[in-house]
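Work through the exercises below with the model open beside you. Try each task before you read its solution.

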Amino acid sequence: MAYTGKVTSGESLGRILQQARLLSGLSQRELAERLGTTQRYIWEIESGKPSIYVDRLFAVMRETGMELTATIEPRDHRG
């Protein structure tokens, strides 16, 4: 079963990314290792840590009437 949600901010994107990670059965540390980054970086993304780029991106989307949705297709990544 796929899960779809509207992405309206860095925070909502982070929550959706967190749900996708959890549905994949990965910890933040495991995901960080797979991506060659740190657990803290994954935490910052999932918590919607403010950044100029993300803030401006969503401001442009609002001003232009753009909507962004994300779909999570659960699957097993442990094999």
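The exercises go from the whole chain to helix pairs and then to single residues.

This is a predicted model, in which local features need pLDDT of at least 70, side-chain atom pairs count only at pLDDT 80 or more, and totals for chains, interfaces and linings use all residues. Residues are numbered from 1 along each chain as its sequence is written, and side-chain values use heavy atoms, with hydrogens and water left out.

**Exercise 1. The chain as a whole**

Task: list the elements of the chain in order from the N terminus, and state what percentage of its residues count as buried.

Solution.
- Start with the elements. Helices (H or I, at least four residues) and strands (E, at least two) are DSSP runs, numbered from the N terminus. The chain holds four helices and two strands.
- Put them in order. The run is β-α-α-α-α-β.
- Take the box. Along the principal axes, the C-alpha atoms fill roughly 40 × 30 × 15 Å.
- Check burial. Buried means under 20% relative accessible area, exposed over 50%, and partly exposed in between (1.4 Å probe, protein chains only). Of the chain's 79 residues, 24% are buried.
- Look at contacts (heavy atoms within 4.5 Å). Among contacts in the chain with a separation of 6 or more, 69% join residues 24 or more positions apart.

**Exercise 2. Helix spans**

Task: test H1 against its expected span, then do the same for H4.

Solution.
- Set the rule. The expected span is 1.5 Å times one less than the number of residues.
- Apply it to H1. Its 14 residues should span 20 Å, and its end C-alpha atoms are 20 Å apart, so the two agree.
- Apply it to H4, residues 52–64. This helix has 13 residues and reaches 18 Å from first C-alpha to last, close to the expected 18 Å.
- Inspect what follows each helix. Glycine 25, just after H1, has a positive phi of about 75 degrees. Glycine 65 follows H4, with a positive phi near 75 degrees. Just after H3, glycine 48 takes a positive phi of about 75 degrees.

**Exercise 3. H2 against H3**

Task: give the crossing angle of H2 and H3 and the residues that meet.

Solution.
- Recall the description. Two packed helices are described by the angle between their axes and the distance between the axes.
- Fix the convention. Axes are lines fitted to C-alpha atoms, for helices over the stretch in contact, and angles run from 0 to 180 degrees between N-to-C directions.
- Read the geometry. The axes of H2 (residues 28–35) and H3 (residues 39–46) come within 8 Å and cross at roughly 110 degrees. That makes H2 roughly perpendicular to H3. The classes are: under 35 degrees roughly parallel, over 145 roughly antiparallel, 65 to 115 roughly perpendicular, and the rest oblique.
- List the contact. Gln28, Arg29, Leu31, Ala32 and Leu35 of H2 meet Gln39, Ile42, Trp43 and Glu46 of H3.
- Sort by class. The contact of H2 with H3 has five nonpolar, two polar and two charged residues. Ala, Val, Leu, Ile, Met, Phe, Trp, Tyr, Cys and Pro count as nonpolar, Asp, Glu, Lys and Arg as charged, and the others, Gly among them, as polar.

**Exercise 4. H1 against H3**

Task: is H1 parallel or oblique to H3? Name the contact residues too.

Solution.
- Take the numbers. H1 (residues 10–23) and H3 pack at about 125 degrees, with axes 7 Å apart.
- Classify. This angle makes H1 oblique to H3.
- List the contact. Gly14, Arg15, Leu17, Gln18 and Arg21 of H1 meet Ile42, Ile45 and Glu46 of H3.
- Sort by class. The contact of H1 with H3 has three nonpolar, two polar and three charged residues.
- Add burial. In H1, Gly10, Ser12, Gly14, Ile16 and Arg21 are buried. Their cover includes strand E1 (3–7), H2, H3, H4 and strand E2 (68–72).
- Turn to H3. Its buried residues are Ile42, Glu44 and Glu46. Their cover includes H1 and H2.

**Exercise 5. Three single residues**

Task: place isoleucine 45, serine 47 and threonine 69.

Solution.
- Isoleucine 45 is in helix H3. It counts as partly exposed because its relative accessibility is 33%. Leaving aside neighbours within four places in sequence, isoleucine 45 contacts Gly14 and Leu17.
- Serine 47 lies in the loop between H3 and H4. At 36% relative accessibility, serine 47 is partly exposed. Its C-alpha is 23 Å from that of arginine 75, 28 residues away in sequence.
- Threonine 69 lies in strand E2. Not counting residues up to four places away in sequence, threonine 69 touches Thr4, Gly5, Lys6 and Val7.
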